[in-house]
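Me: I would like to learn how to read a structure like this one, feature by feature. Could we begin with charge on the surface?

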Amino acid sequence: SGLSLPEGLKELCLGSNQIVDVSGLTLPEGLTHLHLYDNQIVDVSGLSLPPGLTWLYHNQIVDVAQLSLPKGLKELNLGDNQIADVSRLGLPSALKTLNVFHNNISDLSCINISDCPNLTLLRLSSNPVSPPEVDRLRQELGEGCEVVAFNLLEPPAGGACGLAPAALLAASNPARSFRLRSRGRRRRRRWRRRARAGSSFEVN
């Protein structure tokens, strides 16, 4: 909350900073890209998001019902959290990419895809959903949207998952956490190069 951000900032990278509370985060009006990946964020209620791109992956988010999404949001990454229900998320019609990999989503009907006519990429990998349900969703979305669904986990009996997402993932693919960390390091190097160009701001 004490972070002073320069005017005219377009891209803000706060990834890998052990951030827990974002309730006091005030973003510049012109911000288009926000990166809050690899932190310890649980509560995202009241968080104001920019219209371009928002990365919230690899946190501890459970409830996204109070997350306010701008109408013009193009890309939302909520992967690697503990989310089970996105039915109250209110996806904007401008959304093109939705990433919810490695969560606890067992019922794909909670994703209101009818609200997203411009969706071109949906990532569902490492969720406890059945392949037939993924196929049904693919048919509903049509050829204009790519649905990525690898390493699907065993759907829970009764529609509720008995294990936390991390435990489920470890059983199915123990090497994946290393790949995530490797990709995170490469991304952070890219943001540092952009920050030196003056259009981005990164806090380490």
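Reply: The general idea is that a patch gathers residues with over 30% relative accessible area and no salt bridge, like charges being joined within 9 Å. In this structure, which is a predicted model, a negative surface patch is formed by Asp 21, Asp 43, Asp 63, Asp 85 and Asp 107.

Me: Taking one member of that patch, where does Asp 85 lie, and is Asp 85 buried, partly exposed or exposed?

Reply: Asp 85 is placed in the loop that runs between β4 (75-77) and β5 (97-99). Its relative accessibility is 40%, so Asp 85 counts as partly exposed.

Me: Before going further, how many helices and strands does the protein have, and in what order do the elements run?

Reply: The secondary structure comes to three helices and eight strands, and from the N terminus on the elements follow the order β-β-β-β-β-β-α-β-α-α-β. As for burial, a residue is called buried when its relative accessible area is under 20%, and of the 204 residues of the protein 48% count as buried.

Me: Which strand holds His 35, and what does the side chain of His 35 contact?

Reply: His 35 belongs to strand β2, which covers residues 33-35, and with a relative accessible area of 1% His 35 is buried. The side chains of His 35 and Glu 11 are joined by a polar contact of 3.0 Å.

Me: At the other end of the scale, why does Ser 4 count as exposed, and where is Ser 4 found?

Reply: A residue is exposed when its relative accessible area is over 50%, and Ser 4 is therefore exposed, because its value is 63%. Ser 4 is found in the segment before β1 (11-13). The C-alpha atoms of Ser 4 and Thr 26 are separated by 9.1 Å, while the two residues stand 22 residues apart along the chain.

Me: How many salt bridges does a search of the whole structure find, and which residues form them?

Reply: A salt bridge requires a side-chain nitrogen of Lys or Arg within 4 Å of a carboxyl oxygen of Asp or Glu, and the search of the whole structure finds two. In one of them Arg 138 pairs with Asp 135, the closest N and O atoms being 3.3 Å apart; in another, Arg 136 pairs with Glu 140, with the closest N and O atoms 3.0 Å apart.

Me: How are the partners of each pair placed in helix α1?

Reply: Arg 138 and Asp 135 are three residues apart in helix α1 (residues 131-141), and are therefore separated by about one helical turn. Arg 136 and Glu 140 are four residues apart in helix α1, so about one helical turn separates them too. With regard to exposure, Arg 138 is partly exposed at a relative accessible area of 34%, Asp 135 is partly exposed at 40%, and Arg 136 is partly exposed at 36%.

Me: Finally, what should I notice about the backbone angle phi at Ser 16 and at Asp 38?

Reply: Ser 16 has a phi near 60 degrees, a positive value in a residue other than glycine, and Ser 16 lies in the loop between β1 and β2. Asp 38 is not a glycine either, yet has a positive phi of about 60 degrees, and Asp 38 is found in the loop between β2 and β3 (53-55). Ser 16 is partly exposed, with a relative accessible area of 26%, and Asp 38, at 26% relative accessibility, counts as partly exposed.

Methods: Residues numbered from 1 in each chain as written. Predicted model: local features only at pLDDT ≥ 70, side-chain atom pairs only at ≥ 80, totals over all residues. Heavy atoms only, no water. Patch = residues over 30% accessible without salt bridge, like charges linked within 9 Å, V, L, I, M, F, W, Y side chains within 5 Å. Areas by Shrake-Rupley, 256 points an atom, 1.4 Å probe, with all protein chains shown as cover. Lys, Arg positive; Asp, Glu negative; His and termini not counted. Charge placed at Lys NZ, Arg CZ, Asp CG, Glu CD. Helix = DSSP H or I, 4+ residues; strand = E, 2+ residues; numbered from the N terminus. Buried < 20%, exposed > 50% of the residue type's maximum accessible area, 1.4 Å probe, protein only. Polar contact = N/O pair within 3.5 Å; in protein donor to acceptor, adjacent residues only side chain to side chain.
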